[in-house]
Amino acid sequence: MAASTAQVLSLYRQLMKESKKFPSYNYRTYALRRVQDAFRANRSVEDPKMVEQLLNQGRDNLDMIRRQVAIGKMYPTQKTIVEG
């Protein structure tokens, strides 16, 4: 289980780091909140098969976030008042 814990923490850090790269404030805060909520909701999962399934789902989400960040950087947006 120690390797799984390290994998989970690594995935969490990667998801948070990539989510912070969104150029749009709204997308960035939404992605950060969704990552945190998903990890909190699944904190008590101990079944190895379920943990592996959730890890795979998280990796897929990480790939999606990376793609969306790349697309978001292609089209600049105006900063909101909150970012100002």
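**A three-helix chain with a nonpolar core**

Tyr75 lies in the segment that follows helix H3 (48-74), helices (H or I, at least four residues) and strands (E, at least two) being DSSP runs numbered from the N terminus. The model is predicted, with local features needing pLDDT of at least 70 and side-chain atom pairs counting only at pLDDT 80 or more, while totals for chains, interfaces and linings use all residues. Residues are numbered from 1 along each chain as its sequence is written, and side-chain values use heavy atoms, without hydrogens and water.

The chain holds 3 helices and 0 strands, in the order α-α-α from the N terminus. Its C-alpha trace spans about 45 × 20 × 15 Å along the principal axes. Of the 84 residues, 20% are buried (under 20% relative accessible area; exposed is over 50% and partly exposed in between, with a 1.4 Å probe and protein chains only).

Turning to the interior, the largest nonpolar core has 12 residues, including Leu11, Phe22, Leu32, Leu55 and Val69; such a core is a set of buried Ala, Val, Leu, Ile, Met, Phe, Trp, Tyr and Cys residues joined through side-chain atoms within 4.5 Å. Helix H1 (2-19), helix H2 (25-41) and H3 each give two or more residues to this core, and H3 provides the largest share, 5 residues. Beyond its neighbours within four places in sequence, Val69 is in contact (heavy atoms within 4.5 Å) with Glu18, Lys21, Phe22 and Pro23.

Back at the segment after H3, Tyr75 is exposed, with a relative accessible area of 57%.
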